[in-house]
Amino acid sequence: MLINAELLLQYQRCKRRTFLDIHGDKSQRDAPNELLRKLQQDKIAHQLSALAQITYHQPDYSYGNWEVAEKATLELMERGVEYIYKGVLLAAYSEATLLSRPNLLVKQPGQSSFGDWMYVPASIELGKRPKQEYQVVAAFHAQVLGIVQGVVPETASLILRTKNINYLVDLFKWIPRMQQILEEFIEVLELPNPPEVFISRQKCNFCHWYSQCYAIAQSEKHLSLLPGVTPLRYTQLQDIAITTLESLANTSPSTLENLVGFDPKVAPKLVVQAQSALEKRPLILPYPLPIKEITFTAPIELYFDIEAQPDLDLNYLLGVLVVDRLTNTEQFYSFLADKPADEELVWQQFLDLVWQYPEAPIYHFCVYEFDTVKRLAKLYNTPYASVRPVLNRFVDVYEQLTQSVALPVESYALKAIARWLGFEWREKEASGAKCIYWYDQWLETGDRTLLEIIQSYNEDDCRATRKVKDWLVNFFQNEYGLRLA
Ligand code: SF4
């Protein structure tokens, strides 16, 4: 069995994925989507920009011909060249062979089987932080390198995306941790069946087994589809034999509140969440916001949503839907920076518009809009007196909803909630992540249809926020028979 760093990296994200990657039916995998392609392109671009700073040697081999590749790498190491790009090293490990392909091998002073020099591995990673999974991979390369050159380096490098960051991995700490993970990894691969499905947006979104796993999770009504069930909480629930929606819905919160990962607030909320999913209806949470704090209906309301490009540190589209309930009219404003330098201009246009309605609440979904307005004000030296009254009118619909109601949805993302309410986006395939990709494409190609798609998506986000907010007001009016105004 050949074990490489990529498998070890994926194993840390999901045990099931590695098992399927090795034993699964590859024809069942999802085709790579454009976001995954963008990620791969970004990774290549980052590697090229790191490599542009150095002069390196690259062993000559064709992909998969690992013995030839290792021989060519060893020749370069024996010659003592400064940098080796895409070197290949092999080492026996138990019944398996470890295949290490570090991005770079960097020559350092020291004693090794090659003479009075040695090498340390360097990984060029797209992330901005030295995540655990990167450090484990760096330790993997260092372990194989140690066997090949007869000395284990003390540190390995992570070249991260944050400018000028060359992070040194403490191998004294990370090699033992890596070995432990490697042992577990080999045990999992020897299991007769794949590890259980656990759907988590963060790790599953970019996985090529997603359709298969999601179908299984849905057919089993798997608890990972319930918002609030994290891997840690799931393990705790399993330990007390709560593995189905029914059993969780019928549990007393006091049974859960002392478990690791729970507390007296989380436990009752999760039980009501399970009841809501089981009964397929919204339920009021045990400790909802005081009724007077629940969102209200105003004569004029503004709904606000931002599209950003985080890599450029740019908020390029500020969309506002103005709803006038007195005249029964609405108008959407799309303040778009079609080049990054226009961010300040659209910021000013946004402020001018919201000041035309000084009494109107400004509804948004999640905290990003509030935080961004504060950031933009600071960035463009906007007077405090122009911004503070605007911020005071912000109402986070997400916060109000999630503190008050449990819905029969798999996630509290705007899309999941609004779709449950019957709202549909005109651009079926659009998402915040895709808008980032499309805006990049626009900057590269000048194809204006991409901007139009983003604007329509942003408008629908504002309309979806309105749909959720109106539903919330109606729900509380009906539940409490109150007029909220
Ligand atoms: S979809 Fe999720 S659970 Fe399934 S293999 Fe991929 S990461 Fe693991």
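In the hairpin of strands E3 and E4, two residues lie between the strands, and one residue there, Ser-94, adopts a positive phi near 55°. The model is predicted. E3 covers residues 89-93 and E4 covers residues 96-100. The two strands pair in the antiparallel sense over five bridges. Within this pairing, Leu-89 stands opposite Ser-100 of E4.

The protein chain as a whole comprises 19 helices and 15 strands. Its C-alpha atoms fill a box of roughly 85 × 55 × 40 Å along the principal axes. Of its 485 residues, 32% count as buried. Among contacts in the chain with a separation of 6 or more, 63% join residues 24 or more positions apart.

One open sheet contains five strands in the order E2-E5-E6-E7-E8. Its pairing is mixed. Strand E2 (83-85) and strand E8 (166-170) stand at the edges. Each has a single partner strand, so one side of each lacks a neighbour in the sheet. On average, neighbouring strands of this sheet are turned by 35° against each other, direction ignored. Strands of a sheet pair through backbone hydrogen bonds, either parallel or antiparallel. E2 and strand E5 (residues 104-112) pair in the antiparallel sense, over three bridges. Here Tyr-85 stands opposite Leu-104 in E5. A helix also packs on this sheet. Helix H5 (residues 132-149) lies across E5, strand E6 (115-124), strand E7 (155-159) and E8. H5 runs at about 155° to E6.

Another open sheet, also of five strands, has the order E12-E11-E10-E13-E14 and mixed pairing. Its edges are strand E12 (329-336) and strand E14 (394-396). Each edge strand has a single partner, so one of its sides is left without a neighbour in the sheet. Neighbouring strands of this sheet are turned by 25° against each other on average, direction ignored. E11 and E12 pair in the antiparallel sense over eight bridges. In this pairing, Phe-335 in E12 is the bridge partner of Leu-318. Helix H19 lies across E10, E11, E12 and strand E13 (362-364). H19 runs at about 45° to E11.

Helix H18 (residues 432-445) has contacts with elements of this region. The cover over its buried residues includes strand E10 (300-309), strand E11 (314-324) and helix H19 (448-480). The buried residues of H18 are Cys-435, Ile-436, Trp-438, Tyr-439 and Trp-442. The length of H18 was checked against its residue count. At 1.5 Å a residue, its 14 residues should span 20 Å, and the end C-alpha atoms are 20 Å apart, so the two values agree. Just after H18, Gly-446 takes a positive phi of about 75°.

The ligand is surrounded by 13 residues. Those that come nearest are Cys-14, Arg-17, Cys-204, Cys-207 and Cys-213. Helix H2 (15-23), helix H7 (201-204) and helix H8 (210-219) each give two or more residues to this shell. H2 provides the largest share, three residues. By class, the shell holds 10 nonpolar and three charged residues, with no polar ones.

Conventions:
Residues numbered from 1 in each chain as written. Predicted model: local features only at pLDDT ≥ 70, side-chain atom pairs only at ≥ 80, totals over all residues. Near = placed C-beta within 6 Å. Helix = DSSP H or I, 4+ residues; strand = E, 2+ residues; numbered from the N terminus. Nonpolar A, V, L, I, M, F, W, Y, C, P; charged D, E, K, R; others polar. Expected span 1.5 Å × (residues − 1). Buried ≥ 20, exposed ≤ 12 C-beta atoms within 10 Å, placed from the backbone. Contact = placed C-beta atoms within 7 Å. Pairing = 2+ DSSP bridges. Axes fitted to C-alpha atoms, helices over the stretch in contact; angles between N-to-C directions.
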